[in-house]
Amino acid sequence: MVDRDDLTRHDKWCCMMLPRLKLLRELLRDDGAIFVSIDDNEVHHLSCLMDEVFGEDNFVANVVWQKRYVS
């Protein structure tokens with residue numbers, strides 16, 4: 001379990017994600033695509049992991065979406 005006050009939570013999250021991304025890379029076809037949805041808290045860390053696993057040249061775009069609250 002990773003507590004919000006745990007100063008190593010980002011490291012733990014990265015260690016959990018890296019093997020999963022490597023497995024996805026093995027399963028992905030050469031012309032395949034992966035779409036990821038993530039909040040602002042880990043987007044930088046995920047970007048670094050994705051670059052490491054899939055290569056910086058394979059990055060296409062970020063799509064930013066802000067939920068619209070209706071009152």
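Here are some short exercises on this predicted model, each with a worked solution.

Residues are numbered from 1 along each chain as its sequence is written. Local features need pLDDT of at least 70 and side-chain atom pairs count only at pLDDT 80 or more, while totals for chains, interfaces and linings use all residues; side-chain values use heavy atoms, with hydrogens and water left out.

**Exercise 1. Work out how the span of α1 compares with the expected one.**

Step 1: α1 is a helix, meaning a DSSP run of H or I with at least four residues, numbered from the N terminus. It has 19 residues.

Step 2: The expected span is 1.5 Å times one less than the number of residues, and for α1 that comes to 27 Å.

Step 3: From first C-alpha to last, α1 reaches 28 Å, close to the expected value.

**Exercise 2. Find which residues of α1 are buried, and what helps to cover them.**

Step 1: Set the cut-offs: buried is under 20% relative accessible area, exposed is over 50%, and partly exposed is in between (1.4 Å probe, protein chains only).

Step 2: W13, C14, M17 and L21 pass as buried in α1. M16 also lies in this helix, but M16 is only partly exposed because its relative accessible area is 33%.

Step 3: The cover over those buried residues includes α2.

**Exercise 3. List the largest nonpolar core and say which helix gives the largest share.**

Step 1: Such a core is a set of buried Ala, Val, Leu, Ile, Met, Phe, Trp, Tyr and Cys residues joined through side-chain atoms within 4.5 Å.

Step 2: The largest one has 9 residues: W13, C14, M17, L21, L46, L49, M50, V53 and F54. Both α1 and α2 supply at least two residues each, and α2 gives the largest share, 5 residues.

Step 3: Zoom in on M50: leaving out residues up to four places away in sequence, M50 touches L21, I34, V36 and G55 (heavy atoms within 4.5 Å).

**Exercise 4. Track down the salt bridge and describe its partners.**

Step 1: Look for a side-chain nitrogen of Lys or Arg within 4 Å of a carboxyl oxygen of Asp or Glu. The structure holds 1 such pair.

Step 2: D31 pairs with R29, and their closest N and O atoms are 2.8 Å apart.

Step 3: Both D31 and R29 are exposed.

**Exercise 5. Place I38 in the structure and classify its exposure.**

Step 1: I38 sits in the loop between α1 (9-27) and α2 (43-54).

Step 2: With a relative accessible area of 33%, I38 is partly exposed.
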